[in-house]
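Hi,

Here is the model I mentioned, with the sequence alongside. Have a look when you get a minute, and my notes follow underneath.

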Amino acid sequence: LSRVNARSFGKQRALLSSLESEKRMGALTIAPADLQQAMSFCKIMSESNFVPQTYRNKPGDILAAVTMGAEIGLGPMQSLLGIAVINGKPSIYGDTLLSLVLNHPDCEDVIETIENEGTDKALARCEVRRRGRQPAVRTFSVDDAKRARLWGKKGPWTDYPLVMLKHRARGFALRDTFADALAGLITTEEARDYKTVPASKAKAK
C-alpha cells in the first residue's frame with residue numbers, strides 16, 4: 001500500500017474497531033467518537049451501494065442527514081433511507097414519520113381509514129391518540145386535493161391517489177400531535193407538491 005492508502009486504511013480500521021465495541025445483542029450501533037471518525041464513516045457509506053443514489057459520493061450530505069436523524073431518534077441507515085432534501089429543505093417520508101410516532105412513549109394509537117373509497121368523495125382520515133391529550137383527527141379529501149390543484153396531477157397523484165390522500169391526512173395529524181418529536185419536518189410526499197421560486201426570481205424580489 002502507498003503511504004496515503006495505508007493511512008486511509010488505518011483510519012478505517014480504527015473506526016471499525018471502535019464500532020466493534022458498540023455491538024449490542026448482535027446489532028451494530030454506530031457511535032463515532034469524534035468528527036474525524038464520523039467523516040470516515042460517512043465516506044465509507046458514500047461509496048456503498050446500500051445508500052440511496054442521492055447520497056452517493058457525498059459524505060457531507062450523509063453527515064447532515066445522520067445528524068438530523070439522530071436528533072429525532074433515527075439510526076444512521078434509517079436516516080439515509082427516510083430523510084430526503086426537497087428544494088433545499090429536509091423532509092421525511094410518510095412511513096418513517098409514522099414509525100417515529102408509533103415508537104414514541106406517549107403514542108397510544110394511530111388509526112387511518114379511507115372513506116367513500118372508489119368515489120369522487122373519497123376522504124382520508126387519520127386519528128392520533130397521545131397520552132394525556134384529546135384524540136386529534138385530520139382529514140384530506142378529493143375536494144381538498146382539487147382545491148390545491150393536486151388531483152389528477154401527473155405522478156403519484158395519478159398513479160396512487162388514495163395513498164397520497166392518506167399521506168396528507170397523516171402528515172397533518174402527526175405534526176399537530178407530535179410537533180415536539182418531529183422537529184417541524186414535513187413529509188417528503190407533501191414537500192414534493194410545493195411550488196418553488198427559481199433562485200434568479202427570488203433574488204430579483
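A word on naming before anything else: helices (H or I, at least four residues) and strands (E, at least two) are DSSP runs, numbered from the N terminus. With those labels, Asn116 sits in the loop between β5 and β6. Please bear in mind throughout that this is a predicted model.

The overview is quick. The chain has 205 residues, and 34% of them are buried. Its secondary structure adds up to 11 helices and seven strands. If you take the contacts with a separation of 6 or more, 44% are between residues 24 or more positions apart. The accessible surface is about 12600 Å², and carbon and sulfur atoms account for 53% of that.

Now the sheet. β5, β6 and β7 make an open, antiparallel, three-stranded sheet, in just that order. β5 (107–115) and β7 (136–141) are the edge strands with a single partner strand each, so one side of each has no neighbour in the sheet. From one strand to the next, the twist averages 15°.

Going through the pairings, β5 runs antiparallel to β6 (residues 123–130), and eight bridges join them. If you want two pairs to click on, Glu112 has Cys126 in β6 as its bridge partner, and Ile111 has Glu127, also in β6. On the other side, β6 and β7 are joined by six bridges, again antiparallel. There, Arg125 is opposite Thr139 in β7. The hairpin of β6 and β7 has five residues between the strands, and Gly132 in that hairpin has a positive phi near 85°.

There is also a separate pairing to look at. β3 (residues 83–86) and β4 (residues 89–92) are antiparallel, with four bridges. Ala84 is bridged to Ser91 in β4. Two residues lie between the strands of this hairpin, and Asn87 has a positive phi near 55°.

That brings me to the backbone angles. Most residues other than glycine have a negative phi. Asn116, back in the loop between β5 and β6, goes the other way with a positive phi of about 55°. Its relative accessible area is 45%, so Asn116 counts as partly exposed. Ala183 also has a positive phi, near 55°, and is not a glycine either. You will find Ala183 in the loop between α9 (179–182) and α10 (188–191). Ala183 has 56% relative accessibility, which means it is classed as exposed.

For the interior, try helix α5 (residues 94–102). Which of its residues are buried? They are Gly94, Thr96, Leu97, Leu98, Leu100 and Val101. The elements covering them include α4 (76–82), β4, β5, α8 (161–177), α9 and α10.

Just after that helix, Asp106 is worth a click. Asp106 is in the loop between α5 and β5, and it is partly exposed because its relative accessible area is 26%. Beyond the neighbours within four places in sequence, Asp106 touches Arg129, Arg130, Arg131 and Phe178. Arg129 is 23 residues away from Asp106 along the chain, and their C-alpha atoms are 8.6 Å apart.

Another pair I noted is Ala64 and Pro90. They are 26 residues apart in sequence, with 9.8 Å from C-alpha to C-alpha. Ala64 belongs to helix α3 and, at 47% relative accessibility, is partly exposed.

Last, the surface. Phe50, Met77 and Leu81 form a nonpolar patch there, with about 340 Å² of accessible area together. Phe50 comes from the loop between α2 (35–46) and α3 (59–71). Is Phe50 exposed or buried? The cut-off for exposed is over 50% relative accessible area, and Phe50 is exposed because it reaches 66%.

That's what I have. Shout if something doesn't match what you see on your screen.

Cheers

Technical notes:
Residues are numbered from 1 along each chain as its sequence is written. This is a predicted model: local features need pLDDT of at least 70, side-chain atom pairs count only at pLDDT 80 or more; totals for chains, interfaces and linings use all residues. Side-chain values use heavy atoms; hydrogens and water are left out. Patches are made of residues with over 30% relative accessible area and no salt bridge: like charges are joined within 9 Å, nonpolar side chains (Val, Leu, Ile, Met, Phe, Trp, Tyr) within 5 Å. Accessible areas come from the Shrake-Rupley method with a 1.4 Å probe; for residues, only the protein chains shown count as cover. A salt bridge is a side-chain nitrogen of Lys or Arg within 4 Å of a carboxyl oxygen of Asp or Glu. Buried means under 20% relative accessible area, exposed over 50%, partly exposed in between (1.4 Å probe, protein chains only). Contact means heavy atoms within 4.5 Å. Two strands pair if DSSP finds at least two bridges between them. Axes are lines fitted to C-alpha atoms, for helices over the stretch in contact, and angles run from 0 to 180 degrees between N-to-C directions.
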